[in-house]
Amino acid sequence: MDLDLKGKRVLVTGGNSGLGAAIAMAFAQEGARVAINYLVDPEQTEALKERIAGSGGEAIGLKADISDPAAVAAMFAALDEAWGGIDVLVNNAGIDGQHALGWEIEPDAWSKVIDINLKGTFLCAREALKRMTAQKSGVVLNTSSVHEVIAWSGYSAYTASKAGASMMAKSLAQEAAPHGVRVLCIAPGAIRTPINREVWEDPEGYADLLEKIPLGRIGEPEDIAKMAVFLASDAASYVTATTVFVDGGMTDYPSFAHGG
Ligand code: BGC
C-alpha cells in the first residue's frame, strides 16, 4: 500500500531516542521530511539525521523544551522557515517521572510529568492546529499509553498525564474535524525502549512483564512506528478522536485468561 507520505512535513517530539527515533525513521522511509525535536543528547539527533540522510531521506533537528510555550512557538517558527509549515505532528516526548506513592512524591516532581507529557503535548498541538486548521489538512497524533486506561501504582502523574492526553485529543478532534484535521492517540504497551530498560533487562522483571502481555512478547519500537505512519496517512483518513492500542493485548485483562 502506498501511504502517500512523500514530501509531507512531519514533526516528532522527543524524536531522537526510543519510540520517537523509530517513528522518525519510519516516516523518513515513506519519503516524508522529518523534523526531530529533542532537548538532550544532541549527538543522538545528529546520528539519526545521518541515518536518515544515508537512506536518502531529509531530516532536521529542532532543539526545544516542549513544556515552554516560547520555545514551542520558536520551534514551529523554525519549521515554517524550513518547510513552510507542518502536515503531521507526532506528540511523542514524555517521561514517566519519579516512581513514588502519591503521598510521598514531591509536588514539583509530580508536576514535571504533567508539564512535559500533558502541557507540552498541548502546546505543540496548539501550534500545529493553528497551521493545520488554516490549511484545512493535517494530523496530530498523541502518544498516550496503555496507562491511559490501566492504573499504575507509583505513577499517578504519568497515568493522569496519559489519560489527560487522550481526552484532550478527543476534544481537540471535535474542534478540528470541521477543518479537515484529525487528532487521535496511539497507545503503546510495553515496548523495548530506554524508558523501561530496567524492567526488560532484569530477568525477573521481564518474566513479570510477559505475564501482562497475551501475545507473549515485548513490543519493538517498529511495532509502534508502523502504526503511527499508517494513522498519519490518508489510509486512515476516517480515523479520528480515538485511541489505537498497540499493546500485544495488555489491555485485555490477561489475568482473566483463567479463574474469575
Ligand atoms: C511505559 C512503560 C511500560 C508500559 C507498560 C508505558 O507507557 O512507559 O515503562 O512498560 O507502559 O506498562
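How far is the sulfur of Cys124 from the closest cysteine sulfur, and in which residue does that closest sulfur lie? I began with this point, working on a predicted model.

**Entry 1: cysteines**

I found the closest cysteine sulfur to that of Cys124 in Cys185, at 14 Å, which is too far for a bond. The cut-off I applied for a disulfide is a pair of cysteine sulfur atoms within 2.5 Å. I then took Cys185 as the starting point: Cys185 is in no disulfide, and the nearest cysteine sulfur, 14 Å away, belongs to Cys124. My search of the whole structure returned zero disulfides.

I next looked up the accessibility of both residues. Cys124 has 0% relative accessibility and therefore counts as buried. Cys185, at 1% relative accessibility, counts as buried because the limit is under 20%.

**Entry 2: cavity**

I searched for enclosed space and recorded one cavity of 30 Å³ or more in the structure. For the largest cavity I noted about 40 Å³ of space.

I then listed the lining of the largest cavity, which is made up of Asp96, Gly97, Gln98, Ile105, Ala109, Trp110, Val113, Gly154, Tyr155, Ser156, Ala157 and Tyr158. I assigned these residues to elements: helix 4 (107-135) and helix 5 (156-176) are the elements that give two or more residues to this lining.

Last, I sorted the lining of the largest cavity by residue class. I counted seven nonpolar residues, four polar residues and one charged residue. Asp96 is in the lining, and Asp is counted as charged.

How values were computed:
Residues numbered from 1 in each chain as written. Predicted model: local features only at pLDDT ≥ 70, side-chain atom pairs only at ≥ 80, totals over all residues. Heavy atoms only, no water. 1 Å grid on protein atoms, 1.4 Å probe; cavity = no way out; pocket = protein on both sides within 12 Å on 5 of 7 lines; lining within 4 Å. Points joined across faces, edges and corners; volume = space filled by probe spheres on them. Helix = DSSP H or I, 4+ residues; strand = E, 2+ residues; numbered from the N terminus. Buried < 20%, exposed > 50% of the residue type's maximum accessible area, 1.4 Å probe, protein only.
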